[in-house]
Amino acid sequence: MTCLDEQFNLRKRHPLGRVHLLANKLQSCVARLTLRKSLDISYGHSSGEKVDIFPAAHPNAPVFFFIHGGYFRALDKRQYNYIAKPFVAAGCTVVLINYDLAPAVSVKDIIGQNIKAFKWVRENISRWNGNPGNIVLCGHSVGAFLVAKILEFDWEQEVRQSISGAALLSGLYDLSNMKQSYLNKSVRLSDDDVATLSPMFADTSGFPSVIVAVGEDETEEFVEQSQTYAKKLQASKSLDECLLLKSKNHYTVSRLLGNRNNALMKKILGMCAVN
């Protein structure tokens, strides 16, 4: 394994990661048992184009829209249902997105599916007490990449104004090194993909307020990409804050979304305009 491969091999870097993933699954089961929900609602025709929705108790609620990671090739929204509990308790409607995975589809296809999911949510979320004019986007790992691609899309002004903010957690924004790593056997990136799809090389003007967060104990690849992308957002006056989360790694950063009593959650709930 090359040094570059080690930057992406998170299970080797964080041996307890499997424990955190198991905790995610168990707490997500509890969330599905205890909260009102609509599971596996289709926003498109393929098997991966599904959303899970946990509605707020009252109409016109802020919408928290979450995209999971997994290097475009793994994981599932159901593993992150646990994050619905604190957000629903705070008065939000929560939407978790699935998409088809590589190598069955390309990264470009995955981007398109997430843009489609956002459009579908805006058009339909009022049925689950959500306010389509107050949506906060959040993604973890390549989910953060996918949120950035939604922000980049050439939306009409009304749609753009409906995005109240975004939180990018432990993200990747430059695909160059992924293309050179073992991951490219699955994701099959070309040089053109790196140049045209990487958020690091795209225009960030007109973005809403964005939080960028990364764990202090993550690999240099994730820390450096987050800090570099945050500087890009700062230059376009879109950066809310860049957080280097003390003693957190790639698995424990996303775990913060399951508990309201931390600084990251307080900032995200502030974007949702709830306390």
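Which residues touch the most other members of the largest nonpolar core? Before I answer, a word on the model. This is a predicted model, in which local features need pLDDT of at least 70, side-chain atom pairs count only at pLDDT 80 or more, and totals for chains, interfaces and linings use all residues. Residues are numbered from 1 along each chain as its sequence is written, and side-chain values use heavy atoms, with hydrogens and water left out.

The residues in question are Phe 64, Phe 65, Phe 72, Leu 137 and Met 178, in a core of 94 residues. A nonpolar core here is a set of buried Ala, Val, Leu, Ile, Met, Phe, Trp, Tyr and Cys residues joined through side-chain atoms within 4.5 Å. Buried means under 20% relative accessible area, exposed over 50%, and partly exposed in between, with a 1.4 Å probe and protein chains only.

Let us turn to the sheet. Its 8 strands form an open sheet in the order E1-E2-E4-E3-E5-E6-E7-E8, with mixed pairing. The edge strands, each pairing on one side only, are E1 (38-42) and E8 (239-245). Helices (H or I, at least four residues) and strands (E, at least two) are DSSP runs numbered from the N terminus, and two strands pair if DSSP finds at least two bridges between them.

Strand E5, residues 130-140, is parallel to strand E6, residues 163-169, and 6 bridges link them. Cys 138 has Ala 167 in E6 as its bridge partner. Leu 137, leaving aside neighbours within four places in sequence, is in contact with residues including Phe 65, Phe 118, Ile 163 and Ala 167. Contact means heavy atoms within 4.5 Å.

Farther along, E7 and E8 run parallel, joined by 6 bridges. The chain passes from E7 through H11 to E8 in a right-handed β-α-β crossover; that is, with the strands pointing away from the viewer, the path from the first strand over the helix to the second runs clockwise.

Finally, is Ser 162 buried or exposed? Ser 162 counts as buried, because its relative accessibility is 2%. This residue lies in the loop between helix H7 (157-161) and E6. Beyond its neighbours within four places in sequence, Ser 162 is in contact with Phe 118, Arg 122, Pro 132, Gly 133, Asn 134 and Ile 135. Phe 118 is thus a shared name: it also appears among the contacts of Leu 137.
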